[in-house]
Amino acid sequence: MRFVAATAMALGLAISASADEPRALPNPPAPHAPGAPYAPAGVPDRIILTVGADPARSVGISYRTDTRQSVGRLELVRAVPGPAQNPQRQMFEAETRALETENGIAHHHRFALDGLEPGTAYSYRVEGAYGWTGWIDFRTAADSDEPFQLVYLGDVQNYIGEVGHRVITQAIRHASNPAVITTAGDFVSQRADMVHDDEWGKWWDTGTMHYASIPHIPAAGNHEYIPGEMPDGSSVRVLGPHWPLQFVLPENGVPGAQVTSFYSDYQGVRFIVPDVTAVLSLGQMEATTDWIREVASASEANWNVVVMHQPLITCARPENTDLIHESWLPMFEEVGIHLVLQGHDHCYGRWSNADNPRRPGAEPAPQSGPVSIVTVVGGKMYALNDRVANEADRWGEGTQLYHLIDFSRDELAYTAYTAQGTLYDAFTLTRREDGAVWIADDLASLPPVRECADDDTGPDGFACTSREK
Ligand SMILES: [Fe+2]
Ligand SMILES: [Fe+2]
């Protein structure tokens with residue numbers, strides 16, 4: 001893959017290589033999607049809405065076309081119930097950048113819209129060589145702490161079109177008018193033997209118009225980085241070229257990782273999104289720690305939620321992510337982080353206190369530190385480590401999950417579901433009158449823990465597809 005816009009090198013993001021290739025399932029995907037279905041065309045595609053810093057007034061939008069659309073255009077109107085659109089339209093021109101991929105040269109068109117009215121329904125449409133798309137509706141956040149629902153997704157990454165898509169379809173079907181979607185990194189795999197632009201096309205297939213109409217909070221994973229070359233010829237990894245072209249983000253993050261870190265305040269919830277790959281491999285530990293501390297300490301939100309990729313506590317890898325586990329876990333408690341949504345480990349875990357996990361029959365209890373979650377959407381699975389059953393409140397293996405989280409002023413209600421919509425985990429955080437936050441759950445009511453009995457027996461009775469980390 002070659003960049004027309006030298007985006008990745010300009011970002012100067014370099015990390016050391018890692019080799020975590022997926023374990024092969026039967027019928028591995030073809031190297032390249034037949035018929036080039038993911039090539040850019042005269043019809044706009046890959047349309048996505050992303051949160052602004054103040055989603056009541058700002059959103060990011062991007063879309064893709066072939067090169068005939070030299071500059072992207074977007075029309076915006078107040079949404080109305082009738083089919084006749086308001087003739088008083090605002091027209092915006094994009095920041096358009098070219099990207100050469102395995103599917104040819106694409107134009108990516110980016111818009112950062114500001115000055116919108118809070119709690120307001122808008123319609124927009126975007127233009128390609130064959131004309132305008134249909135009108136796409138979205139709603140800005142309210143300028144208050146009205147309740148809302150978040151869809152939280154883990155790594156999609158592998159077997160996206162084979163099995164990943166069904167989880168997201170079910171999540172959207174199940175959700176009750178979700179206000180926001182967050183994906184905690186590793187959207188795609190982007191390894192050397194994969195067709196990266198096809199992978200992104202398959203990721204888009206999982207949500208299509210939902211991604212165009214529900215604002216997204218994307219966290220960058222290690223698989224968002226690809227091999228690259230420094231000016232001196234040395235081998236490095238750089239942020240893949242799709243990320244900065246697709247996701248129009250608030251740019252209020254860590255100075256050394258502005259393209260992949262940010263925060264956003266959505267109806268009484270502050271979402272803080274660091275780039276842990278930049279922390280672990282690009283020397284951004286100190287700056288990111290300072291930034292999280294500053295952003296969380298200044299928060300006046302009811303709930304502070306960190307969305308990041310590599311987890312504080314692992315369910316598969318034998319060791320925790322030591323650098324952040326040792327310093328961020330206590331810091332998150334100190335600055336009032338309530339929930340940490342993560343991926344990377346390709347298994348499921350929920351930890352409220354690893355030294356004293358909750359067990360079936362546990363009474364509601366004060367919750368002083370953050371509740372930490374790890375989950376996965378796609379088909380690559382890792383085997384559970386030998387700590388998780390002693391440290392986590394709830395765990396799982398070989399299981400694709402999605403999560404619906406309802407936020408209101410004094411309650412955060414978390415649920416995890418299997419791909420079939422079966423409840424797999426649930427808890428609430430409730431703020432009492434004295435300001436203390438309490439956790440409550442009913443672990444005894446949940447179905448048995450899903451895990452492999454041995455290599456031949458996975459949680460569904462077939463072969464266990466989890467591999468050791
Ligand atoms: Fe991953
Ligand atoms: Fe990862």
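This is a short tour of a predicted model, from its two iron ions out to its helices and aromatic pairs.

**Stop 1: the two iron ions**

Select ligand 1 and ligand 2 together. The iron ion (ligand 1) and the iron ion (ligand 2) are 3.2 Å apart, and Asp-186 coordinates both. Keep Asp-186 on screen while you look at each ion in turn.

**Stop 2: around ligand 1**

Which protein donors hold the iron ion (ligand 1)? Show Asp-155 (OD), Gln-157 (OE1), Asp-186 (OD) and His-346 (NE2), which lie 2.1 to 2.2 Å from this ion. Along the chain, these donors of ligand 1 follow the spacing D-x1-Q-x28-D-x159-H. If you draw the angles among the four donor atoms around ligand 1, they run from 85 to 178°, which makes the arrangement irregular.

Now zoom in on Gln-157. This residue is found in the loop between strand E10 (148-153) and helix H2 (160-174). Check its backbone: Gln-157 has a positive phi of about 55°, although it is not a glycine. Is Gln-157 buried or exposed? With a relative accessible area of 2%, Gln-157 is buried, and Asp-155 is buried as well.

**Stop 3: around ligand 2**

Move across to the iron ion (ligand 2). Its protein donors are Asp-186 (OD), Asn-222 (OD1), His-309 (NE2) and His-344 (ND1), at 2.1 to 2.2 Å from the ion. The spacing of the ligand 2 donors reads D-x35-N-x86-H-x34-H. The site of ligand 2 is irregular, with angles of 87 to 163° among its four donor atoms.

Two of these donors, Asn-222 and His-309, link distant parts of the chain, 87 residues apart. Find Asn-222 in the loop between strand E12 (216-218) and strand E13 (225-229), and His-309 in the loop between strand E17 (303-307) and helix H8 (322-335). Both Asn-222 and His-309 are buried.

His-344 deserves its own look. Its place is in the loop between strand E18 (339-342) and strand E19 (348-351). What is the sign of phi at His-344? His-344 has a positive phi of about 80°, although it is not a glycine. At 9% relative accessibility, His-344 counts as buried.

**Stop 4: helix H8**

From His-309, follow the chain into helix H8 (322-335). At 1.5 Å a residue, the 14 residues of H8 should span 20 Å, and its end C-alpha atoms are indeed 20 Å apart. Where does H8 bend? Select Trp-328: the helix bends there by about 35°, and a proline, Pro-330, follows within four residues. To see which residues of H8 are buried, colour Ile-324, His-325, Trp-328, Met-331, Phe-332 and Val-335.

**Stop 5: helix H3**

Next, show helix H3 (196-205). Eight of the 10 residues of H3 are buried, so this helix is largely enclosed by the rest of the structure. The buried residues in H3 include His-196, Asp-197, Asp-198 and Glu-199, as well as Trp-200, Gly-201, Trp-203 and Trp-204.

**Stop 6: the aromatic pairs**

Now turn to the rings. A pair of aromatic rings is described by the distance of the centres and the angle of the planes. How many aromatic pairs does a search of the whole structure find? There are 21. Begin with Phe-187 and Trp-243, whose ring centres are 5.8 Å apart with planes at 80°, so the pair is edge-to-face. Phe-187 lies in the loop between strand E11 (180-183) and helix H3 and Trp-243 in helix H5 (residues 242-246), so the pair ties together parts that are 56 residues apart in sequence. Phe-187 is buried at a relative accessible area of 0%, and Trp-243 is buried at 1%.

Then select Phe-271 and Phe-407. Their ring centres are 6.1 Å apart and their planes are at 85°, so this pair is edge-to-face. Phe-271 is in strand E16 (residues 269-273) and Phe-407 in strand E23 (residues 401-407), so the pair ties together parts 136 residues apart in sequence. Both Phe-271 and Phe-407 are buried.

Return to Phe-187 to see a cluster linked by ring pairs: add Trp-200, Trp-203, Trp-204, Tyr-211, Trp-243 and Phe-247.

**Stop 7: charges over rings**

Finish with two arginines. The charged end of Arg-394 sits over the ring of Tyr-424, 4.1 Å from the ring centre. Arg-432 lies over the face of Trp-438, at 3.5 Å from the centre of that ring.

Technical notes:
Residues numbered from 1 in each chain as written. Chains lettered and ligands numbered in written order. Predicted model: local features only at pLDDT ≥ 70, side-chain atom pairs only at ≥ 80, totals over all residues. Heavy atoms only, no water. Phe/Tyr/Trp six-rings, centres within 6.5 Å; stacked < 30°, edge-to-face > 60°. Helix = DSSP H or I, 4+ residues; strand = E, 2+ residues; numbered from the N terminus. Buried < 20%, exposed > 50% of the residue type's maximum accessible area, 1.4 Å probe, protein only. Lys NZ or Arg CZ within 6 Å of the ring centre and 35° of its normal. Donors = N, O, S within 2.8 Å, 3.2 Å for Na, K, Ca; no water. Tetrahedral: all angles 85-135°; square planar, octahedral: opposite > 155°, others 65-115°. Expected span 1.5 Å × (residues − 1). Bend = angle between axes of the 7 residues up to and from the residue.
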